[in-house]
Amino acid sequence: MNAKGIISRLLVIVVAITLGIPTNGKTAEAVEATTAETAVAAKASPPNMKKAVKDGGLALAAENDHLLLYFDNESGGVAVEDKATGSKFYSNPPSALEDPKASDAMKQELMSQVKLVYNVQGKEGDLEMNSYTHAMKLDQVSWGKIDNGIRVDMVIGREEQRMLLPRQITKSKFEQNVLDHMEADRDKKKLLAYYILYSRADVEGSKGKELIAKYPVLEKEDIYVLKTSVKERDKKVLENYVKEAGYTYEKQEEDYAEVGYDGDDSVFPYFKMSLDYVLADGGLSVTLYNGDIEYDQSRFNLVKLSLLNYFGAGQTGEEGYIFLPDGSGTLLNFNNDASKNTLLTTGKMYGPDYALTQSPRGSFKQEFRAPVFGIKKDGAALFSVIEEGDAVADINGVMGGINHSYNTAYANFTIRNKDSFIAKNAFEQAPWIIYEKNAYTGNIVMKYFFLTGDDANYVGMAKAYRQYLVDKGSLSKVSAEENIPFYLDTMGSVDKMVRKLGIPFRSQVAVTSFDQAGLMLDEMSQRGIQNIKFRYTGWYNGGMSHTAPTKMKVESVLGGAKGLRKLSEKAEKLGAKVFPDVDMLFVSSNKAFDGFKPQKDSIRSLFQKTSYKGLFNVATLEYESSVWGINPDKISGYYNKFSKDYHSLGLKALSLSTMGESLNSNFKNRSQINRQDTKKITTDVLAKAKEDYEDIITDDGNAYAFPYVNHILNLPDEDSSFSIADAQVPFIQIALHGYIGYASEALNLASELRPAVLKALEYGSGVYFKLNYGENSLLKDASLFDDLYASQFDDWEESAAAIYAEMNNVLKHVQDQAIVNHERLGEEVYKTTYENGTAIIVNYSDKGIEVEGTAVDGMGYAVINP
């Protein structure tokens with residue numbers, strides 16, 4: 001196959017993934033070879049396009065068995081109708097232009113499908129444009145039908161790159177091409193008032209030579225010159241006079257050529273783009289071809305894009321809420337009583353990017369781990385998944401009743417990062433702002449689901465997300481084991497100041513040796529704890545202060561490689577499994593010849609400085625120390641080297657904790673990597689790990705890890721408690737239960753143990769403890785005490801066994817069951833229902849209650865069997 005053929009095949013594959021084309025049972029290769037070729041052809045050969053029709057209303061454009069898709073001639077957007085219920089979902093509120101709360105500018109933003117932020121290179125500050133003000137009103141939107149949908153082309157900004165207003169023109173041509181075609185003498189006089197007429201008589205004066213040098217045509221003809229003092233708003237008025245006279249760009253170019261003018265006309269921002277709206281897989285797929293946006297990249301930076309900001313928005317006065325993926329999930333009720341005065345709540349997908357400047361938090365905040373959001377209003381709900389561009393996205397919730405009357409949620413995409421810097425002790429100095437060179441050029445793809453009836457709520461959204469992941473092959477049902485997992489984290493060695501012959505020096509000291517870990521396993525098994533998933537941290541390359549994973553050296557103070565193998569064998573005999581944890585994203589320590597040079601191999605900021613991850617202390621709400629972030633380009637190579645050594649241990653399980661927690665860019669010159677690229681690198685490594693090992697654990701649960709891991713620890717079970725939030729919900733648990741094992745915060749580190757156990761039962765969470773065999777004083781000396789202050793095994797052995805027995809008795813029969821409903825029955829009373837009919841009612845209040853005919857003790861629970 002020649003190079004051109006290879007490139008064509010690659011394009012086919014990319015578009016198949018981008019458009020989320022259903023496989024219908026075909027292999028991925030079959031899909032790439034058939035359906036995707038149609039999509040490529042459609043993009044390469046635009047359909048017959050037509051302009052929006054004024055007062056044309058909704059025009060039916062496509063339909064399938066369940067949905068109708070309309071083009072909206074008023075906004076340039078779309079509407080989707082559910083055939084079964086007649087519910088309509090509009091990309092823009094139908095009454096936006098009559099919104100009494102909104103300014104004229106805000107009304108036009110409400111009518112927009114695309115909003116963009118750009119920067120003029122060499123100038124400070126960002127500017128905004130939207131598709132209604134700067135495209136629809138300028139008659140620069142057209143649409144046409146494609147398979148199962150429509151394409152909308154738009155030009156945001158002036159399609160004409162130069163103003164149609166001659167800066168210089170001969171007197172005869174001005175009269176012939178413009179003035180003679182103007183009917184109103186008043187308009188002629190106003191136009192001429194902004195021009196200076198230079199004639200042959202002026203050439204004969206004292207400034208004749210200067211004028212001839214400036215306007216050579218004066219040797220032959222008189223010339224009109226636009227005054228340099230004319231303001232921009234006046235230029236636009238004058239331009240309308242010229243346009244109405246029938247003057248054209250072609251004539252202007254001819255007139256400029258005659259006078260020899262090639263001046264400095266302003267070049268206007270101009271962004272030409274295409275969007276596809278396609279009915280597919282029970283919903284609507286929307287693709288913005290970001291990589292194909294046409295604009296003058298020598299003059300402008302495209303900084304941000306947001307898409308369909310008001311799709312399905314709920315009007316103030318309607319009953320409903322916004323769902324955001326903050327932590328486990330959060331609900332923001334519509335601002336119907338005007339009690340909320342915070343306009344915007346936002347979260348960066350997949351947590352911080354440590355290549356960018358990190359601001360002090362001042363409070364603990366959960367991250368947005370799943371690329372989803374939703375809006376429920378009355379008897380319907382809209383639910384959205386970001387399919388492409390998720391790693392460069394922020395998700396926003398906007399309250400109505402402040403700038404306008406609409407409550408909405410949407411995604412904002414960073415096309416080009418920027419960062420600012422102010423020198424220390426700088427007084428009244430403007431920040432130094434720099435923009436990313438490596439812009440995100442992938443597509444933006446959104447999938448919208450339209451939920452009605454009993455599914456029009458956060459539970460229905462979670463179920464829709466679960467089914468979406470199952471259909472993609474990202475989730476598959478787990479097999480129920482005899483008992484639920486008992487997840488146990490233990491710590492290997494720490495760096496501690498010791499003395500030898502009276503001389504102080506730092507050395508590795510075991511917090512939990514492999515032999516001691518074996519004793520922990522024996523004692524837990526004797527107490528009836530089964531199915532132990534034993535994660536070991538701080539076991540290699542310097543323990544908790546580890547070097548880069550360019551190679552593997554098991555810490556001898558713990559028992560070395562032989563001791564780790566022995567521990568793994570013991571665990572297997574007891575029905576347990578050991579998961580040594582390796583950090584592929586961050587480095588705590590740097591030593592000579594360890595294969596990692598911070599200046600070369602770590603992530604860089606936009607200012608070309610080495611960037612760090614600050615380690616946040618929840619107790620003090622401050623960053624207390626830091627670690628290096630590994631250049632994403634190095635991660636695959638590090639994994640291959642480490643895995644080669646790790647295979648020698650013969651272990652079948654591995655923990656890659658940080659790979660489900662973080663995504664970092666790298667802004668190092670000549671090798672910049674954006675977060676979407678890093679996501680691809682990360683998922684490639686996770687896919688390789690899934691091939692290499694039977695069982696994988698990760699932390700926190702960034703959604704891109706779902707297809708590759710078996711267990712997630714520290715999965716969020718609460719939201720950030722924003723002041724405008726009204727309820728935290730187990731959205732992510734509903735989506736994952738029965739498909740991936742998970743547990744939230746370690747129970748021994750919870751601020752209140754009993755409520756934490758009850759929440760684990762409500763959320764279907766596994767039992768999770770962080771326990772060490774050694775004394776807590778070892779952690780204090782290693783500056784780890786604040787995180788693990790209550791972790792001594794002897795103190796928790798008995799309680800852990802009792803909690804496991806209690807939770808195992810409740811949850812072991814629903815391990816492989818999906819959650820089908822979650823509801824609030826009353827103040828501090830919640831009910832979780834599984835697909836086999838089992839229900840668990842949890843009562844967080846101190847008083848016993850009777851609910852649905854079932855008695856529930858205070859700070860207790862009841863299990864309702866089918």
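Visitor: Which residue lies over the face of F586?

Guide: Fine print to begin with: this is a predicted model, where local features need pLDDT of at least 70 and side-chain atom pairs count only at pLDDT 80 or more, while totals for chains, interfaces and linings use all residues. Residues are numbered from 1 along each chain as its sequence is written, and side-chain values use heavy atoms, leaving out hydrogens and water. A charge sits over a ring if NZ of Lys or CZ of Arg is within 6 Å of the ring centre and within 35 degrees of the ring normal. At 4.6 Å from the ring centre of F586, the residue is K613.

Visitor: Are the rings of Y465 and Y468 stacked or edge-to-face?

Guide: Rings of Phe, Tyr and Trp (its six-membered ring) pair if their centres lie within 6.5 Å; planes under 30 degrees apart are stacked, over 60 edge-to-face, and the rest tilted. The structure has 36 aromatic pairs. For Y465 and Y468, the centres are 6.3 Å apart and the planes at 15 degrees, so the pair is stacked.

Visitor: Which helix holds both Y465 and Y468?

Guide: Helices are DSSP runs of H or I, at least four residues, and strands are runs of E, at least two, numbered from the N terminus. The two tyrosines are three residues apart, about one turn, within residues 458-472, and that helix is α12.

Visitor: Is Y468 buried or exposed?

Guide: Buried means under 20% relative accessible area, exposed over 50%, and partly exposed in between, with a 1.4 Å probe and protein chains only. Y468 has 8% relative accessibility, so Y468 counts as buried.

Visitor: How many residues apart are W539 and F642?

Guide: Their ring centres are 6.1 Å apart with planes at 75 degrees, so this pair is edge-to-face. W539 sits in the loop between β30 (532-537) and α14 (560-573), F642 in helix α16 (residues 632-646), and the pair links distant parts of the chain, with a separation of 103 residues.

Visitor: Which helix gives the largest share of the largest nonpolar core?

Guide: A nonpolar core is a set of buried Ala, Val, Leu, Ile, Met, Phe, Trp, Tyr and Cys residues joined through side-chain atoms within 4.5 Å. The largest one has 193 residues, and F383, Y465 and W539 have the most contacts inside it. Nine of its residues come from residues 793-811, helix α21.

Visitor: How many residues does the other core have?

Guide: This core lies apart from the largest one. With M163, L165, L238 and Y241 among its members, the count is 19 residues.
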